[in-house]
Amino acid sequence: MITNDIRYVGVNDHQVDLFEGQYVVPNGMAYNSYVILDEKIAVMDTVDARFGEEWLGNIAKVLDGREPDYLVVQHMEPDHSANVLAFVERYPKATVVGNAKTFTMLGQFFPDAPEMKQLTVKDGATLTLGKHTLTFLFAPMVHWPEVMVTYDKYDKVLFSADGFGKFGALDVEDEWDCEARRYYIGIVGKYGMQVQKLLKAASTLDISIICPLHGPVLKENLGHYIEKYDIWSSYRPEESGVLIAYASIYGHTKAAAEALGKELEARGQKVVLADLAREDMAECVEDAFRYDRLVLASVTYNGDIFPCMHAFLHALTERSYQNRTVAFIENGTWAPAAGKVMAAALEKSKNLTFAQEKVTIKSAMNAETMESIKRLAEELVK
Ligand code: FEO
C-alpha cells in the first residue's frame, strides 16, 4: 500500500538476462504499476510481456471484485506497455488513456489490436476519479517522445514514468544512488535538457511521494533524489575524482593506467580504474559522468584504437559527455596513434578541458614515460 487509495501492483523480474537488450541487472528489474482506488479506478501502466498473468492477478486482488475504469499509459516502451491488450481483453469496458503519440505507437506495436475505448489527453489535461484528480504533464524524450508523467494532487503523488527509475528488483536491497545513476546515465543520459524541463515543471508541484516505473517508491528525503537528477541532467560532475579507463592487450597500457592511478592517489585524489574490455560498459560510462576528470588510455590497434575504447567513447558522446577534464595515454609499438584518434572522437563535445601532457608509450613503460605520467598527475591535481 502506498497511500490509502494507491496500491502497488507491479512485478519483479529475476529472469531478465539483459534489460533493454543491453544492461546487465545482477539484482533483476522491477516493472512498476499502480492502482488508484476511488469512485473511478485507474491503473497506471502495465508490465513486461512475460509478467502479464502475474500483473493481472495483482490487479484483481486489489480490485476485490470491482472493475477498473481507466488504464493510463504513460510510456509505450514495451517494458511498460506490453500488456495493454491483455488488460483490454480482461477489462473491455475500461478506457485506455494516452496522448496522440501514445495511440500512434500503440497502433504500431499492436497492428491487429481490436477496437478499444480511448481517451486522448493534451498536455496539462486532468482526469477526475473522485477525490483524486490526475493531471497529465507531457515529458517528451524522458525517455521516448510520447512519455507523460501524472500528478495526483490529493495524495501529492508524482507518477514519474522512467524518471527516478533504477535497476534492480524490489525484493533485493541495494543502494539507490548507484543503480539509479547507472540506469539514468545509460538510458536517459542523452536527454538532460528534457529532464531539466521536467524538473522545472515538477518544482511547481507539492510532491510527497514519487512513484516511478522502475525501482522503489520514494517517500522520504525527496530532495536527495531531485538533487541527483538535477546534477545528472545538467551534466555537472557529481564528485571530485579521476576515472582512468583503459584498453590494454598485453598489460603495458594497463600498467601505465595503474601507475598514474598510484601517482594520483599519492596526491590525495580519488581514483577509479576501469578495464574497458572486461568491466560492465554501463558502469564505466556511469563513472565517467560521476567524476570530474577522465583519463583515456588505449593501445593503438590497426592504426586506430582498441574496439572497447571505441565503444566507450561512442557511449560518452552519444550521451553528450561534457564539462570535464580529459587526458590521454596512448601506446603503440611502431606508430602510436591512439591519442589523436581519441581526441578526434571528443572533438565535438562541449566544454572539455584537455590536459597538456599527453603520455606516449612505445610498447612498455620506461623511465621517460614514468616522468610523463608524473607530470600528468601533477596537471590533473591542479
Ligand atoms: Fe522503462 Fe523507457 O522504459
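Is Asp206 buried, partly exposed or exposed in this predicted model? Asp206 is partly exposed, since its relative accessible area is 43%, a value between the limits of 20% and 50%. The side chain of Asp206 forms a salt bridge with that of Lys156, with a distance of 3.1 Å from N to O. This pair connects distant parts of the chain, the two residues being 50 residues apart. Lys156 is located in the loop between strand 13 (148-152) and strand 14 (157-159), and Asp206 is located in the loop between helix 6 (192-202) and strand 15 (209-211). Lys156, with a relative accessible area of 32%, is likewise partly exposed. Across the whole structure, a search identifies 21 salt bridges.

A further salt bridge joins the side chains of Glu238 and Arg181, at 2.8 Å from N to O. Because Glu238 lies in the loop between helix 7 (222-233) and strand 16 (239-247) and Arg181 in helix 5 (residues 176-188), the pair ties together parts that are 57 residues apart in sequence. Glu238 and Arg181 are both buried.

Helix 5 also contributes Arg182, which forms a salt bridge with Glu283; the closest N and O atoms of this pair are 4.0 Å apart. Glu283 belongs to helix 9 (residues 281-290), and the pair links distant parts of the chain, 101 residues apart. The two partners have unlike surroundings: Arg182 is buried, with a relative accessible area of 2%, whereas Glu283 is partly exposed at 29% relative accessibility. Arg182 counts as buried because its value falls under 20%. Arg182 and Glu283 are also members of a network of salt bridges that includes Glu179 and Asp280.

Helix 7, which precedes the loop containing Glu238, comprises 12 residues. The helix reaches 16 Å from its first C-alpha to its last, close to the 16 Å expected at 1.5 Å a residue. Its buried residues are Leu222, Tyr225, Lys228, Tyr229, Ile231, Trp232 and Ser233. An α-helix has 3.6 residues a turn, so residues three or four places apart point the same way. The buried residues of helix 7 pack against helix 5, helix 6 and strand 15. Just after helix 7, Tyr235 adopts a positive phi of about 60°.

Key. Residues numbered from 1 in each chain as written. Predicted model: local features only at pLDDT ≥ 70, side-chain atom pairs only at ≥ 80, totals over all residues. Heavy atoms only, no water. Helix = DSSP H or I, 4+ residues; strand = E, 2+ residues; numbered from the N terminus. Buried < 20%, exposed > 50% of the residue type's maximum accessible area, 1.4 Å probe, protein only. Expected span 1.5 Å × (residues − 1). Contact = heavy atoms within 4.5 Å.
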